[in-house]
Amino acid sequence: MEVFLLKALQFILSLSILVVVHEFGHFIFARIFKVRVEKFYLFFNPWFSLFKFKPANSETEYGVGWLPLGGYCKIAGMIDESMDKEQMAQPPQPYEFRSKPSGQRLLIMIAGVLFNFILALFIYSMILFAGGDTYLPLKNIKMGMTYGDTFKSIGFEDGDILLKADDKELERLNTDAFRSVVEADVVTVRRRDAELGIVIPDDMMQRVMRDKHFFAVARYPMVAEQCDGDNSPAALAGIRRGDTIISINKVMTPTVYDVSEQLEKRKNQPVTVGINRDGESLLLTLHTDSAGKMGLFFQSPYQLYPTVTLKYGFFDSFPAGIRLGLNTLKGYVNDMKYVFTKEGASSLGGFGAIGSLFPPTWDWRAFWMTTAFLSIILAFMNILPIPALDGGHVLFLIYEVVTRRKPSDKFLEYAQIAGMIILFGLLIYANGNDLFHFFFNK
């Protein structure tokens, strides 16, 4: 429950930042062009608001709604989710959206997307400036990778070191490497002392989405960092920092996954743990807990293998952040083609899937990285040419510019209704997928 609440808190905080920035983009451009903004809300407020106020001599009511599905900026003279038919039935006023030139209206509509994308680039830049970019090169992971069953089924073996996807060198284990592998014709790996090529099927991404198995994780030994309290099984057995777990009940355990697998089989049981301490082999006895754990924190691969850190000055961080943001956008857009497959549609997720992106413990770097990623997703999704989204309004404005004919208010009203039906349908479907996976795919 604690982990759930922490993830929920991060999700709501991140969503709030993204919504406020997005709507502020619409707000500031509307004010630049002297268009009246009647409401500026974080979250939606059907029937009532959690909080609202209207400053003296201001035309705008500011507030916080109770339904955390986004937010809105109600612009006078615009057909939007408020469906204010009464206002639209009145003669156009100079301060209304519909009275402004198409170019100004276009800028007002794309401003939200633009601000979200700029926010993502700024966050990436500041992360790189503050902490640099530390990564673990694949070639430094001497024990290679542990692969999911889907990848093993086409020829990968635990211990293989990824080298190339077609002619592209694979540098680090991340989403870019995953995309490169599943979309390659041949992936080159180092297996023991030889290099060999593994042929990748054309439908590899569909297989991964169908099977829902992981791609690959680094293989590394379990080296003790610290015990979880003086009364933990590991501490009582005498395990010290730097000890390497090499066996459980005489079964060799070269990696942390082997140790976990053996302990999982021996819940609440005495076990003999073989360790290597400063080159000397020792046998210790401990009693696992009811979950098959021994209360030991172990070192990460970032501690065990040589890493590379790229440092950025303040001004250097901006082009680096822009490259990271553009690469993230490119990867996300590339992945969208799989949404229209059977496997992709079943993998669509809603709020639960988004919330799961956040770490189970509070980590500001991870929070801001996830927020920047979601900001890019929000920008891209909002610019899609679907009525009720910013992209739908932009589509009709481009039509108006090209044809010099403005769609009728009645057409825009029906388009808005159709778009909202589509969006609510997608919302129900995606969150339904979350519930299905939670209850049936545990």
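These questions and answers cover charges and salt bridges in a predicted model.

Me: How many salt bridges does the structure hold?
Reply: The protein has 45 positive and 46 negative side chains. Side chains of opposite charge can pair when their charged atoms come close. The count of salt bridges in the structure is 14.

Me: Is Glu 96, the salt-bridge partner of Arg 98, buried or exposed?
Reply: The closest N and O atoms of Arg 98 and Glu 96 are 2.6 Å apart. Arg 98 has 12% relative accessibility, so Arg 98 counts as buried. Buried means under 20%. Glu 96 has 3% relative accessibility and therefore counts as buried.

Me: How many residues apart are Arg 172 and Asp 133?
Reply: The two form a salt bridge, with the closest N and O atoms 3.1 Å apart. Arg 172 sits in the loop between strand E6 and H5, and Asp 133 in strand E3. The pair links distant parts of the chain, and the separation is 39 residues.

Me: Which residue is linked with Asp 160 and Arg 191 in a network of salt bridges?
Reply: Asp 160 forms a salt bridge with Arg 191, the closest N and O atoms being 2.8 Å apart. Asp 160 lies in the loop between helix H4 and strand E5, while Arg 191 lies in strand E7. Both are buried. The network also includes Glu 157.

Me: Where is Asp 185 placed?
Reply: Asp 185 helps form a negative surface patch with Asp 166, Asp 167 and Asp 202. Patch residues have over 30% relative accessible area and no salt bridge. Asp 185 is in the loop between helix H5 and strand E7.

Terms used:
Residues are numbered from 1 along each chain as its sequence is written. This is a predicted model: local features need pLDDT of at least 70, side-chain atom pairs count only at pLDDT 80 or more; totals for chains, interfaces and linings use all residues. Side-chain values use heavy atoms; hydrogens and water are left out. Patches are made of residues with over 30% relative accessible area and no salt bridge: like charges are joined within 9 Å, nonpolar side chains (Val, Leu, Ile, Met, Phe, Trp, Tyr) within 5 Å. Accessible areas come from the Shrake-Rupley method with a 1.4 Å probe; for residues, only the protein chains shown count as cover. A salt bridge is a side-chain nitrogen of Lys or Arg within 4 Å of a carboxyl oxygen of Asp or Glu. Lys and Arg count as positive and Asp and Glu as negative; His and the chain ends are not counted. The place of a charge is taken as NZ of Lys, CZ of Arg, CG of Asp or CD of Glu. Helices (H or I, at least four residues) and strands (E, at least two) are DSSP runs, numbered from the N terminus. Buried means under 20% relative accessible area, exposed over 50%, partly exposed in between (1.4 Å probe, protein chains only).
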